[in-house]
Amino acid sequence: MHFRLNLALNYLINCEQKILANVQLSNNGSNKRQLGFNYGKLDVYWCGHNYFGVSMSLENNRREYDYGQLTRDSLIDEPFSQFELWMNQAIEAQVQDPTAMSIASVDAQGQPSQRMVLLKHFDTGGFVFYTNLESRKAKEIQGNNKVSLHFPWLQLDRQVIVCGHAVPLPREEVLKYFLSRPVESQLGAWASKQSSLIDSRQTLEDEFNSLKEKYSKGQVPLPDFWGGYRIVPTEIEFWQGGEKRLHDRFRYQLNGTHWEIARLSP
Ligand SMILES: Cc1cc2nc3c(=O)[nH]c(=O)nc-3n(C[C@H](O)[C@H](O)[C@H](O)COP(=O)(O)O)c2cc1C
């Protein structure tokens with residue numbers, strides 16, 4: 001309990017602000033005493049024998065979305081050119097990590113999970129990224145190839161959402177990209193058994209260093225367990241935040257070989 005209390009206090013002190021309000025010691029009616037700090041928007045309270053609960057109110061954290069509007073007339077007839085336009089604008093606006101996208105996959109129980117990956121290529125065939133083929137995401141994709149991508153270009157009040165399915169990349173394509181990576185990234189791919197449990201950071205560093213030694217005099221080979229996917233879309237939504245929460249949303253939906261465009265309510 002003291003350890004946890006110290007942790008909580010250290011957290012508050014590290015925030016470099018004063019503890020604004022009271023330290024209360026009260027009886028919450030269940031014979032358990034509750035020790036609470038009200039710290040600005042953050043409440044830290046002792047919930048029982050040896051753990052703390054934290055609750056934070058974010059209700060007033062809001063802003064207007066006033067960057068611009070998206071109109072039907074301004075949209076390009078097919079989504080890849082529209083995506084290219086927005087990607088270029090995100091790069092020009094120096095959005096941080098404009099190629100970072102969240103990819104959501106689903107496990108055998110229907111439990112979705114998501115994580116960021118980097119978009120490395122796109123064309124009219126889809127969106128390409130690289131990863132460890134034994135990772136959680138890859139295992140989930142092997143069981144169910146339906147995925148969704150999300151690009152959060154918040155600096156431009158924009159998001160793009162893609163729904164589609166993942167197709168493994170041919171090995172020649174993976175090899176070509178792998179060889180273009182910095183050696184340290186190639187070694188990093190070898191060193192990490194992505195998504196598996198690891199006992200310490202040191203284990204990872206040791207593995208990396210022994211691989212560095214092993215491949216010090218030659219090309220780092222492509223690991224069998226490393227590859228990539230192309231996400232072939234059937235639906236792409238372009239979202240532009242609007243004032244008064246009246247956002248503009250346009251969805252391109254593939255119908256045969258034709259993309260149909262519809263406006264969605266925000
Ligand atoms: C900005 C950013 C970019 C990332 N890019 C990649 C990537 O391209 N490929 C990858 O496998 N993991 C990437 N990661 C790490 C993943 O988010 C994730 O931790 C990892 O792939 C393991 O995910 P999984 O256990 O759900 O399979 C990136 C993380 C961030 C924050």
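Ala, Val, Leu, Ile, Met, Phe, Trp, Tyr, Cys and Pro count here as nonpolar, Asp, Glu, Lys and Arg as charged, and the others, Gly among them, as polar. The model is predicted, with local features needing pLDDT of at least 70 and side-chain atom pairs pLDDT 80 or more, while totals for chains, interfaces and linings use all residues. Residue numbers start from 1 along each chain as its sequence is written.

**Stop one: the ligand**

Select the ligand and the 16 residues that surround it; a residue is near a molecule if its C-beta atom, placed from the backbone, lies within 6 Å of it. The closest are R115, T131, S135, K137 and S195. By type, the shell holds six nonpolar, six polar and four charged residues.

Next, colour β6 (112–118), β8 (126–132) and α3 (136–143), each of which supplies at least two shell residues. Helices (H or I, at least four residues) and strands (E, at least two) are DSSP runs, numbered from the N terminus. β6 gives the largest share, five residues.

**Stop two: helix α2**

Select residues 79–92, the 14 residues of α2. Which residues of α2 are buried (20 or more other C-beta atoms within 10 Å of their own, with C-beta atoms placed from the backbone)? They are P79, Q82, F83, W86 and A90. These lie on the same side of α2 because they cover an arc of only 100 degrees around the axis, taken from the directions from the helix axis to the C-beta atoms.

Now turn to the other side of α2, where S81, N88, I91 and E92 are exposed (12 or fewer such atoms). Finally, select Q94, which follows α2 and has a positive phi, near 55 degrees.

Notes:
Expected span 1.5 Å × (residues − 1).
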